[in-house]
Amino acid sequence: EAGARVLSVVWDWEGSGPWVSAESKHFKEVEEIPNPYADESGAVAAFAAIGERLLEEENERTMVIASSDTGLMFLQNHWDLFGKTFRMMGHSTFEDSRYDCLDKGQCLEQLKADDCAIPMTMSVRSRADVVSVTQTMLYPCVYKPAVKDYGQTFYRTHNMLKAIECTEPSELEEALHREVDAGFELVVQEKILFDSAYEEIPFYLYADENHEIRLASTAIKDSIRPFPFGTATVLRLDWEAELLPHAQRVVKALKWRGLLMIEFIRDKKDGRWKVVEINVRPWLFNDFFRQSGFDYVGYLVDDLRGLLHKRPKLVCPESTAWAREHVHVDLLAELNGVREETGESLRSEVLLRRALAEIQ
């Protein structure tokens, strides 16, 4: 929509369905590379060749945007090579890797050093870390992978959950030993307790080269599947103005430029908003936001063109803009979630009506 050339780089895996975006009027330049999980060296060579060709055609480095955590890991792990022909979000000049923000442990340590409010968070890289973590951690707690792998192994082996809860030291110790032995590096985090969806807020933003927020919005997660540590399948636009200074502090602490999502939870114990998660790649709802008046990718395109100064510095929602209360619904995920929860093999239309009926 911003009028920028788009080339889609895709790969297949066993059991993958059709690439639906191939039906879009926007994604007509498509190149397939080997799956990095099955053939990493082949994928690296193929993607590097695309970068060299684009550099020759455009006479400048192309912005590469990861549409998945798998793709983001692939880019970050080989940025010494890919950085010669590509640019990526995060760094002040879009030049360097930001692995320090991708690794959840390193990222939260940066925020803690800059006095941003975060839950108690500790990294577990080996068995040697387990005892000190279990003895020091506040309970209940959750653990999750510090970084993703190309096969999304943690999710696939934990029923698609993003985090696992533990309530006491022996349970956590047993789990951590098992996970470390399976090859996972983990982050263990105090579980922040809250009472309503209005106290768990994703904050979406675009930050400029001076690490100032130029565009911002928040949302309410009306449905999460699988609950409670899955992905939002129903997202409703909202605006929590009190989070803006907290988000700006995070952006400054990370020295971030580009799109960013910050997950805030208001801690029931002390009433403070705390950062529990950072998402350093564009989220799946981008076009929903664009259609609702928040053109995050358009800001990125203008930033690349040196035209960001022509955009409004911060579009906070006016009351009239929220009269329709825009809602993003992942219909397929909702339908599948209802089917799994009820165990009923009903027709898709019946399941879909039931899923929609749950959306308030």
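This is a short dialogue about how to read the inside of a predicted protein model.

Reader: Let's start with the interior. Which residues have the most contacts inside the largest nonpolar core?

Author: First, the general idea: in soluble globular proteins, nonpolar side chains tend to be buried together. In this predicted model, the largest nonpolar core has 70 residues. Those with the most contacts inside it are L111, F203, I262, I278 and F289.

Reader: Could we take one of them? What is I278 in contact with, apart from its neighbours in sequence?

Author: Leaving aside the neighbours within four places in sequence, I278 is in contact with C107, L111, V250, L254, L260, M261 and I262. There is also a second, separate core of 19 residues, with C141, F154, I164 and L176 among them.

Reader: Now the gaps. How many cavities of 30 Å³ or more are there?

Author: Rolling a probe the size of a water molecule over the atoms shows where empty space is left. Here the count comes to two cavities of 30 Å³ or more. The largest has a volume of about 90 Å³, and the second largest about 60 Å³.

Reader: What kinds of residues line the largest cavity?

Author: Its lining divides into nine nonpolar, one polar and two charged residues. Among the lining residues are V64, L72, Q76, R98, W256 and R281.

Reader: And which residues line the second largest cavity?

Author: You will meet I278 again there, along with C101, K104, C107, L108, K144, V276 and E277. The elements that give two or more residues to this lining are α5 (104-113) and β13 (273-279). By class, the lining has five nonpolar, no polar and three charged residues.

Reader: I see cysteines in that list. How many disulfides does the whole structure have?

Author: A disulfide is a covalent bond between the sulfur atoms of two cysteines. A search of the whole structure finds zero disulfides.

Reader: Why is C107 not bonded to C101?

Author: Because the sulfur of C107 is 5.0 Å from the closest cysteine sulfur, in C101, which is too far for a bond. C107 counts as buried, at 2% relative accessibility. C166 is in no disulfide either, and the nearest cysteine sulfur, that of C141, is 5.3 Å away.

Reader: Let's turn to helices. How many residues of α11 are buried?

Author: An α-helix has 3.6 residues a turn, so residues three or four places apart point the same way. Helix α11 (residues 296-304) is mostly covered, with seven of its nine residues buried. These are Y296, G298, Y299, L300, V301, D302 and D303.

Reader: What do the buried residues of α11 pack against?

Author: They pack against four strands, β3 (62-63), β9 (200-207), β10 (213-225) and β12 (258-266), and against helix α10 (286-291). After α11 comes G306, whose phi is positive, near 75 degrees.

Reader: Which residue other than glycine has a positive phi near 65 degrees?

Author: That is H211, placed in the loop between β9 and β10. At 12% relative accessibility, H211 counts as buried. F94 is not a glycine and has a positive phi of about 60 degrees. Look for F94 in the loop between β4 (86-87) and α4 (99-102); at 2% relative accessibility, F94 counts as buried.

Reader: One last backbone feature. Where is the cis peptide bond that has an omega of about 0 degrees?

Author: A cis peptide bond joins Y139 and P140. You can find P140 in the loop between α6 (130-136) and β6 (141-145).

Technical notes:
Residues numbered from 1 in each chain as written. Predicted model: local features only at pLDDT ≥ 70, side-chain atom pairs only at ≥ 80, totals over all residues. Heavy atoms only, no water. Core = buried A, V, L, I, M, F, W, Y, C linked by side-chain atoms within 4.5 Å. Buried < 20%, exposed > 50% of the residue type's maximum accessible area, 1.4 Å probe, protein only. Contact = heavy atoms within 4.5 Å. 1 Å grid on protein atoms, 1.4 Å probe; cavity = no way out; pocket = protein on both sides within 12 Å on 5 of 7 lines; lining within 4 Å. Points joined across faces, edges and corners; volume = space filled by probe spheres on them. Nonpolar A, V, L, I, M, F, W, Y, C, P; charged D, E, K, R; others polar. Disulfide = S-S within 2.5 Å.
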